[in-house]
Amino acid sequence: MIDNHTDPLPEALSSEAALPSSDHRVIGREMGIFASNPLIGSGLPLWLPGGAIIRRELEQYAHQLAMESGCAEVYSPVLAKQELYQRSGHWAKFADDMFPAMDVGDHDHAGDQLVLRPANCPHHALIFASEQRSYRDLPIRYHEMAAMFRAERSGVLSGLSRVRQINLDDTHVFCRPDQIAQEAELALDCVLRGLTVLGVGIDHLRLSLRDDGDGYLGDDDQWRDAQDQLRGVLDRVGALRPGLQIREAAGEAAFYGPKIDVQVLDARGHQESLATVQVDFNQPERFGLKYVDADGSDRGVIMVHRGVLGAMERMVGFLLEIHDGRLPLWLAPVQLCLLPVHPDHHDHVRRLADRMTAAALRARVESDGTLGRRIRAARKRRDAVLGVVGDAERAADTVSIIDPRADISAVLRSGELIDILGGAASSRAVKINWPQ
Ligand SMILES: [Zn+2]
């Protein structure tokens, strides 16, 4: 449903002038991550080259995690007839958050009423429905890097944390009721691996259960079974990861099913759900999604919504803040900023940068201005590693490096530097493993 993966960050600050330096809007400006323009409108950020590098790396990683966990990639359109969202229930519940319908008829004839999608789930439900499914086919997992839309009021929009187009790492699993545990565990394992690689610490896992209130869809047995399966998953995951806290919260379930929320702390120490594994009894029923069981009878499938990295906008904003812009090397827009001490060293440094580029590293050369000013600018831009080259370095084919994130400086042979940075980037290491 619309609120599965992308609860917006609380937006405490409205005026950019008053922003603290730890705000992703300030860091984003210093790093060249995104821009906005009144001609495009609020909540529709333009991704600058630096931000596009981070987003592309995240998308590739999300895709890899999805493929490694048995997902099939799909593509679906960003708009559909209004009827689709009437069927899915989004129209009744979230019409205020959706963009108005576009009539694509002509003067004389009413045409289809098309709507920008408020969620990707209904589209994936229809991909599942495109063929008859047997119990042996399940689970089926569809992954898409998919854009969805929210007609937020312009007053609440800001930076990357609240936007009108949300680009989501989104997966929907269609499974039998007895496969809920295995699918939830697989999803949770992906999330925990992903967040570790991103250097995000987990505060606790929350099992969000129903309470005694009304308004929950699905029968009591279905709920009891799904909640027990998720509790079993958390018992196993907790046993494998000592120190990981697990809590239960009655009344935090969605009305259509229980879920596991991955709770993290943001840069201000506030708790938020960064990822969710959501069981859903409702969407499959609304679309009549069935499979043919071993005895030949039709049975209803269960849907599990999961996002590993979630919304690109929100994740990039979150990472910029918790890392103060000093991202793990594989995400850094500039992995090595090379600084010739004197203009005489420029050609040598340029050739060195070409070697870095050939080794798939993102290198930049800064030659103009005093060395002190260039170093300050590179630090402010959060270039991951700074490399200074003067007479001694040129003669010995070495580079004097500074890693501001680790507060390390050293002199390395240029070949060794390429090996170390290449290794850290390709292995998606959170920290660079410098020689002692
Ligand atoms: Zn979904």
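This note sets out points on the confidence, sheets, one helix and one loop residue of a predicted model.

1. Confidence. The structure is a predicted model, and its mean pLDDT is 92, with 96% of residues reaching 70 or more. Residues 1-15 need separate treatment: their pLDDT stays under 50. The model has 37 contacts beyond four places in sequence for that stretch.

2. The annotated span. An unreviewed UniProt entry lists residues 54-328 as "domain: Aminoacyl-transfer RNA synthetases class-II family profile". In the model, this span is 33% helix and 28% strand. Its end C-alpha atoms lie 10 Å apart.

3. The sheet of eight strands. An open sheet with mixed pairing is built from 8 strands in the order β3-β7-β8-β15-β12-β11-β9-β10. The edges are held by β3 (72-73) and β10; each has a single partner strand, so one side of each is left without a neighbour in the sheet. At the β3 edge, β3 pairs with β7 in the parallel sense over 2 bridges, and Ala72 stands opposite Tyr142 in β7.

4. Antiparallel pairs within that sheet. Strand β11 runs antiparallel to β9, to which 6 bridges join it; here Ile202 has Val264 of β11 as its bridge partner. Strand β11 also pairs with β12, again in the antiparallel sense, over 7 bridges. In this second pairing, Lys259 is partnered by Gln278 of β12. The hairpin of β11 and β12 has 5 residues between the strands, and Gly269 in this hairpin takes a positive phi near 85°.

5. The sheet of three strands. A further open sheet has 3 strands in the order β4-β6-β5, with antiparallel pairing. Its edge strands, β4 (79-81) and β5 (102-103), each pair on one side only. The link between β5 and β6 (residues 113-116) consists of 2 bridges, and Met102 stands opposite Leu114 in β6.

6. The length of helix α7. How far apart are the end C-alpha atoms of α7? They are 30 Å apart, which agrees with the span of 30 Å to be expected for the 21 residues of this helix (residues 220-240) at 1.5 Å a residue.

7. The two sides of helix α7. The buried residues of α7 are Ala226, Gln227, Gln229, Leu230, Val233 and Leu234. Seen down the helix axis, the buried residues fall within an arc of 160°, so they line one face of α7. A general rule helps in reading such a pattern: an α-helix has 3.6 residues a turn, so residues three or four places apart point the same way. On the other side of α7, Asp220, Asp221, Arg224, Asp235, Arg236 and Ala239 are exposed. The cover over the buried residues of α7 includes helix α6 (180-197) and the strands β9 (202-209), β10 (246-250), β11 (259-265) and β12 (271-280).

8. Leu157 in its loop. Is Leu157 buried or exposed? Leu157 lies in the loop between β7 (140-149) and β8 (165-175), yet it counts as buried because it has 20 C-beta neighbours inside 10 Å. When neighbours within four places in sequence are left aside, Leu157 is in contact with Ser42, Gly43, Glu152, Arg162, Val163 and Arg164. Leu157 and Leu44 are 113 residues apart in sequence, while their C-alpha atoms are 9.1 Å apart in space.

Conventions. Residues are numbered from 1 along each chain as its sequence is written. This is a predicted model: local features need pLDDT of at least 70, side-chain atom pairs count only at pLDDT 80 or more; totals for chains, interfaces and linings use all residues. Helices (H or I, at least four residues) and strands (E, at least two) are DSSP runs, numbered from the N terminus. The expected span of a helix is 1.5 Å times one less than its number of residues. A residue is buried if 20 or more other C-beta atoms lie within 10 Å of its own, exposed if 12 or fewer, and partly exposed in between; C-beta atoms are placed from the backbone. The arc is that of the directions from the helix axis to the C-beta atoms. Two residues are in contact if their C-beta atoms, placed from the backbone, lie within 7 Å. UniProt positions are given in the numbering used here, feature names are shortened, and annotations may be inferred rather than shown by experiment. Two strands pair if DSSP finds at least two bridges between them. pLDDT is the predictor's confidence in each residue, from 0 to 100.
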